[in-house]
Amino acid sequence: MNLQVEQLDTNEAKFTINIEQAEYRKAQQTVARKLSKDYRFPGFRPGHAPMNLIVRAVGEEAFKYEVADELARSLYPKALEESKINPYGQGKIEDVKEDPPQMVIRVELQPVVDLRNYKGIRVVYTEPVVGEDEIQAQLDAIQTENAIVKLVERPAEKGDLIEGKIVAYNAENEAVFDLEEESFVLDENLDKAMHLVGLMDAVIGISAGETRNVRLVVDDAEEDENLRSTEVAVEVRADRVSSRELPPLDDTLAQTVGSFETFADLRADVEKKLVDYKQKMAQRDYNDLVVSAFSEEATVIYSPSYLGDRLDEAIEDIKQRTKNEEKMELSDWMKLQGFADEAALRENIKQGVENQAKVNLVLGAVSKAENVIVSGDEIMKEISNVAQYLNDDKLVRRSMQDQSYINSIYSRKLTSRVLERMSTIAQGNGDAPTVASYSSDNVVISEGESTSVVEGAAPETNNG
Amino acid sequence: MHPYEVLRRPLITEKTTWQTGYESPQYAFEVDGRANKQQIKEAVEIAFDVKVTRVNIAVMPKKMKRNQRTRRSMIRQSEWKKAVVQVRPTDRIGIFEGVA
């Protein structure tokens with residue numbers, strides 16, 4: 001066997017294998033014998049039909065590729081070994097020549113990620129600031145929730161709570177929408193919620209037991225395009241009118257809404273929750289920016305099959321989700337979503353899948369470059385925590401037998417750790433060690449059973 | 001009888017394939033039931049441009065076949081005539097070539 005390897009721009013390699021005549025002849029005979037055994041040729045016992053008759057029966061071209069397949073079984077692994085190439089999937093026979101015997105195999109290579117100068121990436125993290133107005137808005141909401149409601153006999157005023165119904169009718173006198181709740185607060189938000197211009201003004205002054213019919217215009221924010229800017233007949237019925245008395249923002253209110261002693265405690269708690277929430281959001285946005293920056297810096301090359309496989313996975317994921325959550329087949333779901341066929345769905349999700357694939361490859365490359373690992377102990381600890389949380393002692397044993405569950409935990413932990421590391425680098429602290437305490441100990445169950453450390457699963461993220 | 005009415009089809013089986021490899025190759029044909037040795041010889045010589053040195057003929061008997069479903073005997077094949085022609089060692093018939 002004589003091998004020539006050519007690297008292609010499409011992250012593929014082309015093997016040109018020159019085969020010795022004797023080896024080719026031997027393969028031809030092997031294939032002929034096999035075909036002769038597999039198919040009946042009248043006038044011949046199975047396995048005794050001559051080669052040329054078989055060639056005539058199956059066609060020269062088909063026979064040639066059968067021989068190539070037979071040869072590839074032994075020559076392809078040798079060629080991979082000789083060329084030291086790590087393929088992505090199986091090679092494809094592109095061309096076969098008989099005289100002299102030669103075979104061309106196209107091999108897709110594993111994706112290549114060059115992180116380039118990733119250590120030099122800097123993304124500024126802006127600490128979120130919680131303003132006084134935001135805290136006040138939260139306190140106002142608490143105050144409104146705890147308003148003291150009293151039935152009144154007077155006509156409704158702005159700020160009152162009205163129990164009743166609001167229904168809008170179109171020109172054909174068909175009800176087009178109504179108020180879902182059984183009560184509403186008479187303020188500016190009512191117009192926005194019902195998408196009716198001037199509704200609040202039309203309702204002010206209504207008394208308990210009264211029904212008002214008014215004509216109002218639907219605003220442009222209405223979901224139904226056909227109703228926008230049209231005039232509808234609105235029927236408002238008030239069963240009961242109540243005034244709302246807001247409680248003062250004091251210690252009593254704080255004690256009512258939770259285990260706080262003073263109003264200051266309540267305020268501090270509101271502020272802390274707001275800060276936590278904003279920090280979490282800021283960190284998420286920051287991670288997105290960092291991942292984008294790393295992805296932009298990196299050069300990622302992958303073969304068409306790699307993307308095809310990721311698309312297949314995405315379609316399978318949609319299929320499973322529609323089956324489990326929506327209880328319908330993919331074909332029905334596609335009809336509902338307006339996709340003519342699976343090809344249209346693939347085209348629609350292609351860009352997103354491609355971006356996600358690139359991000360995952362970059363994360364995988366960073367985890368390798370920075371030696372970020374997740375030990376078996378950590379996975380074990382995570383499973384124990386979940387078991388403790390769910391109060392299920394048998395969960396640990398069950399989980400240890402479920403490799404896909406272990407992989408998902410590994411993948412999640414690794415992703416979060418890689419993101420942490422990327423954030424550290426992007427903030428200019430990339431020289432710090434990853435985490436000194438990481439180890440690659442095996443997961444050990446107390447009864448002496450053990451499972452190996454999860455390795456090789458690519459981290460996954462939904463960021464970016 | 002026109003020479004082209006004589007030969008019906010070549011017979012390619014394990015046995016006839018083996019016979020084509022003889023020193024004086026032999027080729028088998030299904031021929032018209034009315035054809036005699038002379039007519040077969042002429043037909044082969046005209047059709048394949050070879051010199052025929054010997055002709056053997058045999059009338060293959062009709063075969064009774066049994067219907068698998070009804071188990072009734074019925075004739076499925078009528079009798080037919082087989083001819084094995086021997087040609088000079090230097091002659092070859094193209095349609096049999098590449099089979100051996």
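Q: Which residues are buried in helix 12 of chain A?
A: Let's start with this helix, bearing in mind that the model is predicted. A residue counts as buried when its relative accessible area is under 20%. In helix 12 of chain A, that holds for G376(A), E378(A), I379(A), M380(A), I383(A) and A387(A).

Q: How far apart are the end C-alpha atoms of helix 12 of chain A, and what span should its 15 residues have?
A: The expected span is 1.5 Å times one less than the number of residues. For the 15 residues of helix 12 of chain A this gives 21 Å, which agrees with the distance between the end C-alpha atoms. Both values are therefore 21 Å.

Q: Which residue follows helix 12 of chain A, and what is its phi?
A: Just past the helix comes a residue with a positive phi. That residue is N391(A), with phi near 55°.

Q: Which helix of chain A gives the most to the largest nonpolar core?
A: This core has 51 residues, and F294(A), W333(A), L345(A), I349(A) and M422(A) touch the most other members. Several helices of chain A each supply at least two residues, including helix 8 (263-297), helix 12 (376-390) and helix 14 (403-426). The one that gives the most, with 10 residues, is helix 11.

Q: Which residues does F294(A) touch, not counting residues up to four places away in sequence?
A: F294(A) is among the residues that touch the most other members of the largest nonpolar core. Leaving out residues up to four places away in sequence, its contacts are Y118(A), I121(A), V362(A), V366(A), M422(A) and I425(A).

Q: How many residues are in the second, separate core?
A: Its members include F41(A), F44(A), V55(A) and I85(A). The count for this second core is 32 residues.

Q: Is L227(A) buried or exposed?
A: L227(A) sits in the loop between strand 11 (211-218) and strand 12 (231-245) of chain A. It touches V176(A), F177(A), V218(A) and E222(A), not counting residues up to four places away in sequence. Its relative accessibility is 10%, so L227(A) counts as buried.

Q: What distance separates the C-alpha atoms of L227(A) and V176(A)?
A: Along the chain, these two residues are 51 residues apart. V176(A) is nevertheless one of the residues that L227(A) touches. Their C-alpha atoms are separated by 8.8 Å.

Q: Which elements give two or more residues to the lining of the largest cavity?
A: The structure holds one cavity of 30 Å³ or more. Its lining consists of Q26(B), R54(B), V55(B), N56(B), V84(B), V85(B) and Q86(B). The elements that give two or more of these are strand 3 (52-60) and strand 6 (80-87) of chain B.

Note on methods: Residues numbered from 1 in each chain as written. Chains lettered and ligands numbered in written order. Predicted model: local features only at pLDDT ≥ 70, side-chain atom pairs only at ≥ 80, totals over all residues. Heavy atoms only, no water. Core = buried A, V, L, I, M, F, W, Y, C linked by side-chain atoms within 4.5 Å. Buried < 20%, exposed > 50% of the residue type's maximum accessible area, 1.4 Å probe, protein only. Helix = DSSP H or I, 4+ residues; strand = E, 2+ residues; numbered from the N terminus. Contact = heavy atoms within 4.5 Å. 1 Å grid on protein atoms, 1.4 Å probe; cavity = no way out; pocket = protein on both sides within 12 Å on 5 of 7 lines; lining within 4 Å. Points joined across faces, edges and corners; volume = space filled by probe spheres on them.
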